[in-house]
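The following note sets out points on side-chain pairs and strand pairing for a colleague's consideration. It is arranged as numbered paragraphs, to be read beside the structure.

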Amino acid sequence: QNYLETGEPVGSRTISKYTDLKLSSATIRNEMADLEELGYIVQPHTSAGRIPTDKGYRLYVDDLMAQKKQELEDRESKVSDREKEVDSMRDILNEKVDRVEELLQNVAKVLAKDTNYATMITAPQVKGNKLKFVQLSQLESDKILAVIVMEGNIIRNKVIDVSEALSQENILNTTLTGLTLEQMNLSIVSKMENQAGEHMQLVKEVLDAIVEAISNEDQLEIYTSGATNIFKYPELSDSVKASELIYTLEEKQSLSGLIADQQSGKDKEADDHGIQVYIGNETPVASMKDCSVVTATYELQDGLKGTIGIIGPKRMDYEKVVESLKTIQTQMDEVFKKT
């Protein structure tokens, strides 16, 4: 706990002075030597105190998560010490937004401000999602703009090259509404083409473009915030480490490995809120090996899911981070139940 707060190696004298263990410095030194031999703490340089290793952090985090779970089970209705922060999150999330993307950007900003770490959030995955409606607009004689709206107000825009002017919007909208990508099968296509008659080619071109827009995995959106917060922590502010980490958060491509790992739950055991903690080398992103990453799953209506992540030093305030993620999950759930 002392190292989490100060970032400075902790010696036996500090432990004997600021805790109620009532043990001599010599006894504490012996215990620390045993912990070092077991791989839980390490001496960063000669004559310094000790700091936790990744193994030590893992023991601490697992114990903390178990305690929080027990506290949650024991607590029936208790006013949170973070009530003002919770209200602040609720106020920001309740601000009027026209699209899900805006709300997700707000979530990233709220968490970055609340935790003082870097944050990320993905747009919900559309696989298995149902189509709400398609709006087609003629741009030019051979180009159509398709605005594709799915459940959860997920929007995809697609400019389509066509062989003739628009005339079949109603057939497309009526037939496709309520279908998932998997349900847009050959029988549906055949039915639509038969209905289209002489405009069969137009329907085929538009339908192919709609399917491509929905199924395109490259459209995964990742929103980040608070990248410059990492400069607040000396162990991450080294020019090389910091630049690599900021590049990762801005470029976002390599974050997809972390997202895939979190969504599959590979090698990690999530708690009841889908929260997982990656410490140091546990993280699948090379530039984050000196960090800890805490991720959670959020869910919109109709099972649309995405990932929230908080990135900070290994000495991050895990308790606050976990509480912040649980709070934001609850607030997002409240917001989307209203919509």
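1. A salt bridge is taken here as a side-chain nitrogen of Lys or Arg within 4 Å of a carboxyl oxygen of Asp or Glu. The model under discussion is predicted, and by this rule the count comes to 7 salt bridges. Points 2 to 4 concern some of these pairs.

2. E282 and R58 satisfy the criterion, with their closest N and O atoms 2.6 Å apart. This pair links distant parts of the chain: E282 belongs to the loop between β8 (276-279) and β9 (291-299), whereas R58 belongs to helix α4, 224 residues apart. E282 has a relative accessible area of 33% and is therefore partly exposed. R58, at 18%, is buried; the cut-off that applies here is 20% relative accessible area, under which a residue counts as buried.

3. R58 has a further partner in D62, the two side chains meeting in a salt bridge at 2.9 Å, N to O. Here both residues lie in helix α4, 4 residues apart, or about one turn of the helix. D62 is partly exposed, its relative accessible area being 41%. Taken together, R58, D62 and E282 are linked in a network of salt bridges. The reader may wish to inspect this network with both the helix and the loop in view.

4. Which residue does E235 meet in a salt bridge? The partner is R315, and the N to O distance is 2.6 Å. This pair also links distant parts of the chain, with E235 in the loop between β7 and α10 and R315 in the loop between β10 (305-313) and α12, 80 residues apart. E235 has 25% relative accessibility and so counts as partly exposed, while R315 is buried with a relative accessible area of 10%.

5. Turning to the rings, the count comes to 3 aromatic pairs. One of them is formed by Y57 and Y318, which are tilted, with 6.3 Å from centre to centre and 55° between the planes. Because Y57 lies in helix α4 (residues 54-74) and Y318 in helix α12 (residues 318-338), the pair ties together parts that are 261 residues apart in sequence. Both Y57 and Y318 are buried. Ring pairs also bring in Y60, so that Y57, Y60 and Y318 are linked into a cluster.

6. The rings of Y117 and Y233 also form a tilted pair, their centres being 5.5 Å apart and their planes at 35°. Y117 is found in the loop between α6 (100-115) and β3 (118-122), and Y233 in the loop between β7 (222-225) and α10 (239-251), so this pair ties together parts that are 116 residues apart in sequence. Y117 is buried at 7% relative accessibility, and Y233 is buried at 13%.

7. A charge over a ring should also be noted: K55 lies over the face of Y40, at 4.6 Å from the ring centre.

8. How many strands form the open sheet that contains β4, β5 and β6? There are 3 strands, in the order β4-β5-β6, and the pairing is antiparallel. β4 (131-140) and β6 (154-161) are the edge strands, each pairing on one side only. Neighbouring strands of this sheet are turned by 20° against each other on average, direction ignored. Strand β5 (residues 143-150) is joined to β6 by 8 bridges, the two strands running antiparallel. Within this pairing, A146 has K158 in β6 as its bridge partner.

9. Strands β8 and β9 likewise deserve attention, as the loop between them holds E282 of point 2. They run antiparallel and are joined by 4 bridges. V277 stands opposite V294 in β9. Along β8, Q276 and Y278 point one way and V277 and I279 the other way. Are these residues buried or exposed? All of Q276, V277, Y278 and I279 are buried.

How values were computed: Residues are numbered from 1 along each chain as its sequence is written. This is a predicted model: local features need pLDDT of at least 70, side-chain atom pairs count only at pLDDT 80 or more; totals for chains, interfaces and linings use all residues. Side-chain values use heavy atoms; hydrogens and water are left out. Rings of Phe, Tyr and Trp (its six-membered ring) pair if their centres lie within 6.5 Å; planes under 30 degrees apart count as stacked, over 60 as edge-to-face and the rest as tilted. Buried means under 20% relative accessible area, exposed over 50%, partly exposed in between (1.4 Å probe, protein chains only). A charge sits over a ring if NZ of Lys or CZ of Arg is within 6 Å of the ring centre and within 35 degrees of the ring normal. Two strands pair if DSSP finds at least two bridges between them. Axes are lines fitted to C-alpha atoms, for helices over the stretch in contact, and angles run from 0 to 180 degrees between N-to-C directions.
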